[in-house]
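Thanks for coming. I have one structure to walk through, and I will keep to what can be read from its coordinates.

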There are 2 protein chains.
Amino acid sequence: MKITAIKDEVVSIASPMRNAVIDFSSMTISVVKVETDQVRDGSPVVGYGFTSNGRYAQSGILRERIIPRLMNADSADLATADGENVDPFACWDVMMTNEKPGGHGERSVAVGAIDMALWDIVAKMEDKPLYRLLGERYRDGEVDETVRVYAAGGYYYPEDSQSKLQDEMRGYLDMGFAETKMKVGGASLEEDIARIEAALEIVGEGRRLAVDVNARFDVPTAIRFAEAIAPYELRWYEEPVGVLDFQGHADVRAASTTPLATGENLFSTEDSLNLVRHAGLNPETDFLQMDPVLSYGLVEYLRTLEVLREHGWSARRCVPHGGHQFGLQLAAGLGLMGNEAYPGVFEPFGRFAPGASLDDGRVTLTDDPGIGYEAVPEIYGILVTAF
Amino acid sequence: MKITAIKDEVVSIASPMRNAVIDFSSMTISVVKVETDQVRDGSPVVGYGFTSNGRYAQSGILRERIIPRLMNADSADLATADGENVDPFACWDVMMTNEKPGGHGERSVAVGAIDMALWDIVAKMEDKPLYRLLGERYRDGEVDETVRVYAAGGYYYPEDSQSKLQDEMRGYLDMGFAETKMKVGGASLEEDIARIEAALEIVGEGRRLAVDVNARFDVPTAIRFAEAIAPYELRWYEEPVGVLDFQGHADVRAASTTPLATGENLFSTEDSLNLVRHAGLNPETDFLQMDPVLSYGLVEYLRTLEVLREHGWSARRCVPHGGHQFGLQLAAGLGLMGNEAYPGVFEPFGRFAPGASLDDGRVTLTDDPGIGYEAVPEIYGILVTAF
C-alpha cells in the first residue's frame with residue numbers, strides 16, 4: 001500500500017449570505033485527492049477530502065508542509081503494520097512532524113482535509129461505508145442507521161426580512177427537516193426577537209429552533225439576550241460570546257435557561273479540554289459542536305471524544321459543525337447526537353447522497369464505500385474537474 | 001499616503017539545532033515588504049517585516065487573504081485621519097475582515113509580519129526609531145535606553161554534550177550576555193540535571209540560567225522536574241507542560257519554587273487572558289513570553305498588555321519570544337522586562353544592529369529610523385535579494 005500522489009486545489013464556495021461577524025462572498029476551500037497504488041474493481045483507490053467551511057483554503061500549509069512530509073515519508077511509516085491499508089494515525093504523526101505545540105488554526109484545517117481523504121481510503125480498501133468501519137472499530141459494530149440533522153440557516157435578508165425568513169424555514173420543513181437554526185446578534189434585540197417569533201410561527205415549538213450568535217456578543221449583552229429568549233424555550237443558544245472566552249461562557253451559562261451550544265471554533269483536543277474544564281457547561285443539557293475537519297481530522301476528534309468522556313460528556317452531546325458528509329459518517333458511526341446541515345448553502349459540498357432520504361429530521365446513509373463523494377454527482381463533478 | 005505594493009518571499013532559517021519537540025532543519029520564514037508612495041531623503045518609504053521564527057512561512061494566507069484585502073482597500077481606510085501616515089490599527093481591521101473568531105495560529109503569524117512592516121513605515125515617516133515612537137505614544141515619551149536580553153540556547157549536542165554546552169555558555173558570556181537559557185526535557189532527568197550543573201559551572205548563579213522544556217512534559221513529569229531543579233534557584237522554568245494546558249500550569253505552579261515562564265505559543269489576547277485567568281501564575285514572580293509577531297503583531301500585543309494590566313500583570317513581567325529587533329524595539333519603547341536573543345541561530349534575523357553594544361546583559365539601541373533592518377547588512381542583504 002503506497003500513497004503515490006497528493007493533490008490539492010482551491011474551490012470557491014462563495015455565498016451571498018452573512019452571519020453576525022463575517023460574509024461568505026470570498027469563501028474558499030481546499031479540496032484534496034490522495035492517490036494510492038491500489039486497485040479495487042478495476043479502479044485505483046483514491047481518497048477525497050476538503051476543508052469543511054468558514055476557514056478558507058489552505059494551499060500554503062498543504063503544499064509547503066503537510067503534503068511534502070507525507071510524500072517524503074517511507075511508505076511503511078504511513079501504512080498499517082501488515083501494509084494492507086493506510087494508517088491515519090501514523091500519517092497524522094508524520095503530518096505534524098516538526099510542528100510546535102499550540103497555535104491551533106489553519107494548520108488544523110489543512111491536516112483535517114488530508115485526514116478526511118485518508119479515512120475515505122481506509123474504508124474503500126475495506127469496501128464499506130466509513131460509518132460502518134467506524135462502528136466496527138469504535139462501537140463493537142453498532143451504528144446509527146439514521147442521523148438526526150438540523151437545517152442551519154435563518155440568515156439576515158436585506159429586505160422583507162421576516163417573511164423571507166419564514167419562507168426559508170418553511171422550505172426546510174418541506175425538505176424533511178424537523179429542527180432548524182437561525183442567525184441572531186446581527187440586529188437589535190427587538191428585531192431579533194421579532195425574527196425569532198416569526199420563525200417560531202413556522203417551525204412550531206421552541207425545541208425545534210436554535211439561535212446562533214456567531215460569538216458576536218460581549219458578556220453583558222449575551223446575558224440580556226439569554227433573558228430575552230428564555231420564554232421561548234429554544235433548543236439552544238449558540239456561541240453567545242467569544243469562542244475562547246471560557247469564563248464568559250460560564251457567566252452566560254449561569255444566566256441562561258436555554259441550553260448553550262459551542263465549539264465549532266475550537267480546533268484541538270486541548271482547546272476542547274479547556275472548554276469543559278473552564279466554561280461551566282452542563283454535560284446533561286448543553287451541546288458541543290467541534291468540527292472534525294477544522295480540528296485536525298478524525299484522528300484528533302477521537303482524542304477529543306475521549307477527553308470529553310473523561311469529563312462526563314457523552315458523544316450524544318456532540319453535533320458537529322460543517323454540514324458535510326464526513327460529519328454525517330462520524331455521527332452514524334461514532335454515535336454522535338447528530339450533524340449540522342446547510343441546505344442550499346456551501347453548495348454542493350453540503351449535499352446528502354442522492355440515495356439518502358430525509359424524514360422527520362433524520363437522514364439515512366447509503367452503502368457507497370468510503371465517504372461516498374463519488375455518489376453525489378454535483379460534488380464528484382467538482383472533484384473530477386479539479387483534479 | 002498610499003500603500004503601492006506588498007510583497008512576500010520565503011526565506012530559509014534552517015538550523016541544525018533541535019529542542020525537546022521539533023528540529024529546525026526545514027524552518028522557513030516569510031519576509032514581507034510594504035511599499036508606499038512616500039519619499040524621505042530621496043528614497044521611497046518602505047517597511048519590512050518577517051514572521052519571527054518557529055512557525056514557518058505563511059505564503060498561502062498572505063497571498064490569498066491578508067495582502068489582497070489591504071491592496072483592495074481604499075487608501076483612506078488604511079491611513080491616519082489626516083492621511084499623513086499608515087494606521088496599523090485600521091490596517092489590522094482590514095486584514096481581519098471576514099475572518100471568523102478563534103483559530104489563532106498561522107493567520108496570526110501572517111498578520112504579525114505585515115504589522116511589523118507597517119510599524120516600520122509609521123516610524124520611518126516620523127523619521128525616528130520605532131522604540132522612540134512607541135515611548136511617545138504609550139509612555140509619555142519615556143523609553144528604556146538599554147534593554148535586558150538573555151541568550152537562548154543550551155541545545156543538545158549529539159556528542160560531547162556537556163563540554164559543548166559549556167563552550168556555548170562561555171561564548172554567550174564573552175559576547176556580553178549575563179543571563180542564558182538552556183533546553184531541557186529532551187533527555188533523562190539525570191542527564192538534564194548534569195547538563196544544568198555543567199552550565200552553572202560557567203554562568204555562575206542560578207538566577208543567570210533559565211531552563212526551557214518546550215512543552216514536552218506531562219504534568220507529573222513536570223512536577224518531578226520542578227522538585228529536582230528547586231535547589232538551583234534558577235531564573236525560570238519555561239513551558240513545562242502543554243502550552244494550552246492552563247490547569248496543568250496551575251498544578252506545576254503549585255509545586256515549583258522556581259518561577260514559571262510561558263506564553264510564546266499563545267497567539268492572541270484571548271489566549272493570554274485565559275492564561276492569566278486559569279493558569280494560577282503569579283504576577284509578582286512569573287514571566288510572560290508572548291511573541292508580538294506570532295500573535296497578530298503589535299496592534300494585538302497592545303491589547304494583550306492592557307488585558308494583562310487589568311489582571312495585575314506589569315509590562316515588566318513580559319519578555320517576548322523571538323529574538324528579533326522588533327521585540328527589542330517594543331521592549332525599549334513599551335518598558336517590557338527585556339527580550340530574548342538567539343546568538344548565532346536563525347541567522348541573520350536575530351542580529352543586533354552593528355552600532356549596538358551589549359554589556360552586562362543589556363543592549364543599546366541605535367537611532368536608525370523604523371526598526372532599523374537597513375542598518376544590519378546581513379539582514380538587509382537578504383531583504384534586498386528577496387525583493
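I will go from the pairing of the two chains to a few elements inside them.

First, the ground rules. This is a predicted model, in which local features need pLDDT of at least 70, side-chain atom pairs count only at pLDDT 80 or more, and totals for chains, interfaces and linings use all residues. Residues are numbered from 1 along each chain as its sequence is written, while chains are lettered from A and ligands numbered from 1 in the order in which they are written.

How are the two copies related? A turn of 180° and a shift of 0.0 Å along the axis lay chain A on chain B with an RMSD of 0.0 Å; the superposition is by least squares on the C-alpha atoms of residues with pLDDT of at least 70 in both copies. That makes the relation one of a two-fold axis. In chain A, Gly60(A) has the C-alpha nearest the axis, 2.0 Å from it. Both copies use the same surface, since 100% of the contact residues of chain A recur in chain B.

Now the contact itself. Chain A gives 39 residues and chain B gives 39 residues, where contact means that C-beta atoms, placed from the backbone, lie within 7 Å. On the side of chain A that touches chain B, α1 (59-72), α8 (246-255) and α9 (269-278) of chain A each supply at least two residues. Helices here are DSSP runs of H or I with at least four residues, strands are runs of E with at least two, and both are numbered from the N terminus. By class, that side of chain A has twelve nonpolar, 15 polar and twelve charged residues. Seen from chain B, the buried residues of α8(B) pack against α9 of chain A, together with α7, β8 and α9 of chain B. Among those buried residues are Phe246(B), His249(B) and Arg253(B). Buried means 20 or more other C-beta atoms within 10 Å of the residue's own, exposed means 12 or fewer, and partly exposed is in between, with C-beta atoms placed from the backbone.

Next, β6 of chain A, residues 209-212. Which of its faces are covered? Both: Leu209(A) and Val211(A) are buried on one side, Ala210(A) and Asp212(A) on the other. Strand β5(A) runs parallel to β6(A) and is joined to it by four bridges; pairing requires at least two bridges found by DSSP. Lys181(A) is the residue opposite Ala210(A). β6(A) also pairs with β7(A), again parallel, over two bridges, and there Asp212(A) faces Glu238(A). Helix α6(A) completes a right-handed β-α-β unit with β5(A) and β6(A), and α7(A) does so with β6(A) and β7(A). Right-handed means that, with the strands pointing away from the viewer, the path from the first strand over the helix to the second runs clockwise.

Last, α12 of chain A, residues 377-386. Ile379(A), Ile382(A) and Leu383(A) are buried there. They sit on the same side of the helix because they cover an arc of only 100° around the axis, taken from the directions from the helix axis to the C-beta atoms. These buried residues pack against β1, β2 and β3 of chain A. The face turned away from them carries exposed residues, including Glu378(A) and Thr385(A).

Terms used: Contact = placed C-beta atoms within 7 Å. Nonpolar A, V, L, I, M, F, W, Y, C, P; charged D, E, K, R; others polar.
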